Amino acid sequence: MFMHNKNLMYTVRVSEPDPKLASLMLEQFGGPQGELAAALRYFTQGLSDDDPARKDMLIDIATEELSHLEIIGSIVAMLTKGVKGKLAEGSEEVTELYANIAQGNGSHTLAVLYGGGPALTNSAGQLWTAGYIDSIGEPTADLRSNIAAESRAKIIYERLINLTPDPGVKDALTFLMTREVAHQKMFEKALYSIENNFPPGKLPGDPNYTDKYYNMSQGAGDARGPWNQGAQWEFVDIKPDQAPVNGGEGNPTVRLAAEELKAVNEAAKRTKSRTDVNPVTGADLGAGPGAGKTTPVK
Ligand code: MN
Ligand code: MN
């Protein structure tokens, strides 16, 4: 079950309302790297994890992310507080109100549509979507994705901190950013607590291909580095060696039943291009100034 404590996880002291800043903050409320996405990502992973220790960690972090969502949402609410009241009550002249909510960002849209409260959108008004969550139900893959997700969240916070003039908001964002650093370390530990976590999943890679580096982009600028040199790597850059690595002609094939083959051939015949004609088209019939060259209509 979920319980709620009325205290925020971190005390937020916003200096003054700033709707423009509020719309930037929405990036971490309803954006792809935001707190709602993070909370639901770890919550759903935790629900199905059969490892009790890892399940506990996932639900702990999911719940902390909800607490972050509460913090960032409260920041948005504080930054739009004055405008929200004026908008609701129509207590300003039209021009003043317009200037107040617009402030040169997307905030006028967010204010009109959402009444100045925290909206489940990113900073550009894109609606939140579950498509932000890429869990696949295999901890050796999901933990790696979680590590990357925490890195991205950290970077977005870093950018928001650089854009924020308000010292109180900056302070809260620094706390949130730092927690993503801590989460990244937790997920790293959890990943390496699984022995044999690479390659992800159960099936081993085919040893014929696990250690080969194919120099597929050949010419000036070819470079060598730890990713393609040393004892670990076999560097393959001779053209004949880059014929299909498993032999064969390199053409895709599939065996079709006679009936399927007949249908495929019929469709190909029906949609075949004639290269010996120059048909008049609708573009030719309707062509006016600026149409460029067209085929004369007889
Ligand atoms: Mn967070
Ligand atoms: Mn996090």
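Is His68 buried or exposed? At 0% relative accessibility, His68 counts as buried. Keep in mind that everything in these close-ups comes from a predicted model.

**View 1. The manganese ion (ligand 1) and its protein donors.** Four residues show up here: Glu35, Glu65, His68 and Glu180. Glu35 is listed twice, each time through OE, while Glu65 and Glu180 also give OE and His68 gives ND1. These donors lie 2.0 to 2.6 Å from the ion. If you'd rather think in sequence terms, the donor residues are spaced E-x29-E-x2-H-x111-E. The short x2 step is easy to place on the model: Glu65 and His68 are three residues apart in helix H4 (residues 52–79), so about one helical turn separates them. Glu65 counts as buried, since its relative accessibility is 0%, and His68 is also at 0%.

**View 2. The manganese ion (ligand 2) and its protein donors.** For this ion the list reads Glu65 (OE), Glu150 (OE), Glu150 (OE), Glu180 (OE) and His183 (ND1). Their distances from the metal run from 2.0 to 2.3 Å. Along the chain, the spacing is E-x84-E-x29-E-x2-H. What separates Glu180 from His183 in helix H9? About one helical turn, because the two are three residues apart in that helix. Both Glu180 and His183 are buried.

**View 3. Glu65 between the two manganese ions.** Zoom in on Glu65 and you'll find that it coordinates both ligand 1 and ligand 2. The two ions sit 3.7 Å apart. Glu180 is worth a look here too, as it turns up among the donors of ligand 1 and again among those of ligand 2.

**View 4. Arg41 and Asp134 in a salt bridge.** Side chains of opposite charge can pair when their charged atoms come close. Here the side chains of Arg41 and Asp134 meet at 2.9 Å, N to O. The pair links distant parts of the chain, 93 residues apart: Arg41 belongs to helix H3 (residues 35–48), and Asp134 to the loop between helix H7 (107–114) and helix H8 (139–163). Arg41 is buried, with a relative accessible area of 3%, whereas Asp134 is partly exposed at 42%. A search of the whole structure turns up seven salt bridges.

**View 5. Two further salt bridges, Asp49 with Arg54 and Lys212 with Glu234.** Asp49 and Arg54 bring their closest N and O atoms to 2.7 Å, and both residues are buried. For Lys212 and Glu234, the N to O distance is 4.0 Å. Lys212 lies in strand E1 and Glu234 in strand E2 (residues 234–236), so this pair ties together parts that are 22 residues apart in sequence. Lys212 is partly exposed, with a relative accessible area of 27%, and Glu234 is partly exposed as well, at 43% relative accessibility.

**View 6. Backbone details at Asn196 and Pro199.** Which residue has a positive phi although it is not a glycine? That's Asn196, with phi at about 55°. Asn196 is found in the loop between H9 and E1, and it counts as exposed at 72% relative accessibility. Now look at Phe198 and Pro199, which are joined by a cis peptide bond with omega at about 0°. Pro199 is placed in the loop between helix H9 (167–192) and strand E1 (212–214).

Terms used. Residues are numbered from 1 along each chain as its sequence is written. Chains are lettered from A and ligands numbered from 1 in the order in which they are written. This is a predicted model: local features need pLDDT of at least 70, side-chain atom pairs count only at pLDDT 80 or more; totals for chains, interfaces and linings use all residues. Side-chain values use heavy atoms; hydrogens and water are left out. Donors are N, O and S atoms within 2.8 Å of the metal (3.2 Å for Na, K and Ca); water is not among the atoms, so sites may look incomplete. Helices (H or I, at least four residues) and strands (E, at least two) are DSSP runs, numbered from the N terminus. Buried means under 20% relative accessible area, exposed over 50%, partly exposed in between (1.4 Å probe, protein chains only).
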